[in-house]
Amino acid sequence: MKKFLFPADGDIVSDIREKYGYEGDLARIFAENKKRSVSKWHHYIPLYERYLSQYRGTGFRFLEIGVAKGGSLQLWRKFFGPEAHIFGVDINENCRAFDGQDGQVRIGSQDDPEFLRSVVEEMGGIDVVLDDGSHMMPHIKKSLEVLFPLLEDGGLYLIEDLHTSYYRGFGGGRGNKDNFFNQIRDMIDDMHRWYYPGEPPHPEFEGKVSAIHVHDSMVVLEKNEGHPPTFSKVR
């Protein structure tokens with residue numbers, strides 16, 4: 001990963017602004033982060049702004065998979081504001097130290113359905129999920145399988161660092177059937193289930209994946225009630 005590492009003395013805000021035409025304040029919040037470590041790919045910052053800025057200043061419910069050193073929760077608290085209900089989950093017991101600081105932290109595995117459901121129950125539901133956990137193919141799929149059906153209609157499910165889909169050490173690899181992007185291709189078929197016979201590939205999502213946005217290493221899924229399409233011909 002060293003070949004991608006930005007120079008320690010580089011201007012993060014300028015790099016993001018110049019490459020991506022980004023003028024929001026999340027880049028500054030990220031660059032000025034202190035106290036707890038956080039790492040982000042620069043091109044994620046404008047994507048976060050695009051999809052998540054609508055929740056700023058609201059009491060929405062946000063679940064991040066992967067707490068690491070606590071810096072990400074700190075970043076989100078500064079970005080979303082004091083009204084947001086922020087929870088983080090991690091398998092590392094050391095992350096208990098961050099509980100109650102910028103959000104609530106619960107310890108457990110992202111591929112444990114019972115644990116995930118208990119966290120969502122405690123939260124009173126979820127509006128946004130951000131999977132920044134193990135990045136292992138089976139874990140990504142299990143979390144999505146459990147959490148997406150629990151997501152409120154109109155909610156978002158973000159999965160990042162999906163370049164691991166091409167790394168065999170994470171269960172992926174180009175041409176590997178377990179590469180997560182193969183599931184995304186199936187989910188695109190789910191969205192178009194009206195146009196072909198037979199069952200959709202992933203009926204567990206109940207036809208509620210209303211949009212799929214694929215970016216470099218990040219996928220954003222929108223959840224909304226699906227309706228059989230109709231069209232009109234007017235003169």
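**Close-up 1. Surroundings of H202 in the predicted model.** H202 is found in the loop that runs between helix 7 and strand 6 (209–215), in a model that is predicted. With a relative accessibility of 13%, H202 counts as buried, because the limit for a buried residue is under 20% relative accessible area. When residues up to four places away in sequence are not counted, H202 touches Q183, D186, M187 and D190. Two of these residues, Q183 and M187, are also named on the helix 7 side of the contact with helix 6, which is the subject of the following view.

**Close-up 2. Packing of helix 6 against helix 7.** Helix 6 (residues 137–147) and helix 7 (residues 180–191) pack with their axes 10 Å apart and at an angle of about 35°. Helix 6 brings M137, I140, K141 and L144 to the contact, while helix 7 brings F180, Q183 and M187. By residue class, the contact of helix 6 with helix 7 divides into 5 nonpolar residues, 1 polar residue and 1 charged residue.

**Close-up 3. F181 in helix 7.** F181 is found in helix 7 and is buried, its relative accessible area being 10%. Leaving aside residues up to four places away in sequence, F181 touches L162, S165, Y166, V214 and V219. Of these partners, V214 falls within the range of strand 6 (209–215), and V219 falls within that of strand 7 (218–223). F181 and E18 are 163 residues apart in sequence, and their C-alpha atoms are 29 Å apart in space.

**Close-up 4. Two residues with positive phi, D161 and R235.** Most residues other than glycine have a negative phi. D161, although it is not a glycine, has a positive phi of about 60°, and the place of this residue is in the loop between strand 5 (151–160) and helix 7. R235, likewise a residue other than glycine, has a positive phi near 45° and is found in the segment after strand 7 (218–223). In their accessibility the two residues have opposite labels, for D161 counts as buried at 12% relative accessibility, whereas R235 is exposed, with a relative accessible area of 96%.

**Close-up 5. Aromatic cluster and the stacked pair W76 and F80.** The structure holds 15 aromatic pairs. In one of them, the rings of W76 and F80 have centres 5.4 Å apart and planes at 20°, so the pair is stacked, the cut-off for stacking being planes under 30 degrees apart. W76 and F80 both belong to helix 4, where they are 4 residues apart and are thus separated by about one helical turn. Both members of the pair are buried, W76 with a relative accessible area of 0% and F80 with one of 1%. Ring pairs link W76 and F80 into a cluster that also holds Y44, Y48, Y55, F60, F62 and F79.

**Close-up 6. F60 and the buried helix 3.** F60, a member of the aromatic cluster, lies in the loop between helix 3 and strand 1 (61–65), and it is buried, with a relative accessible area of 5%. Apart from residues up to four places away in sequence, F60 touches Y55, F80, A84, H85, D127 and V128. One of these partners, D127, is 67 residues from F60 in sequence, yet the C-alpha atoms of F60 and D127 are 6.3 Å apart in space. In helix 3 (residues 44–52), 8 of the 9 residues are buried, so this helix is largely enclosed by the rest of the structure. The buried residues of helix 3 are Y44, I45, P46, L47, Y48, E49, Y51 and L52, and among them Y44 and Y48 are also linked into the aromatic cluster.

**Close-up 7. Lining of the largest pocket.** The largest pocket has a volume of about 1,100 Å³. It is lined by 38 residues, of which L5, F30, S39, K40 and W41 are the closest to its centre. Helix 1 (12–20), helix 2 (26–31) and helix 4 (71–80) are the elements that give two or more residues to this lining, and the largest share, 4 residues, comes from helix 1. The residues of the lining divide into 17 nonpolar, 13 polar and 8 charged.

Note on methods:
Residues are numbered from 1 along each chain as its sequence is written. This is a predicted model: local features need pLDDT of at least 70, side-chain atom pairs count only at pLDDT 80 or more; totals for chains, interfaces and linings use all residues. Side-chain values use heavy atoms; hydrogens and water are left out. Axes are lines fitted to C-alpha atoms, for helices over the stretch in contact, and angles run from 0 to 180 degrees between N-to-C directions. Contact means heavy atoms within 4.5 Å. Ala, Val, Leu, Ile, Met, Phe, Trp, Tyr, Cys and Pro count as nonpolar, Asp, Glu, Lys and Arg as charged, and the others, Gly among them, as polar. On a 1 Å grid over the protein atoms alone, a cavity is a set of points where a 1.4 Å probe fits but cannot get out, and a pocket is an open set with protein on both sides within 12 Å along at least five of seven lines; lining residues have an atom within 4 Å of a point. Grid points are joined across faces, edges and corners, and a volume is the space filled by probe spheres set on the points. Rings of Phe, Tyr and Trp (its six-membered ring) pair if their centres lie within 6.5 Å; planes under 30 degrees apart count as stacked, over 60 as edge-to-face and the rest as tilted. Buried means under 20% relative accessible area, exposed over 50%, partly exposed in between (1.4 Å probe, protein chains only).
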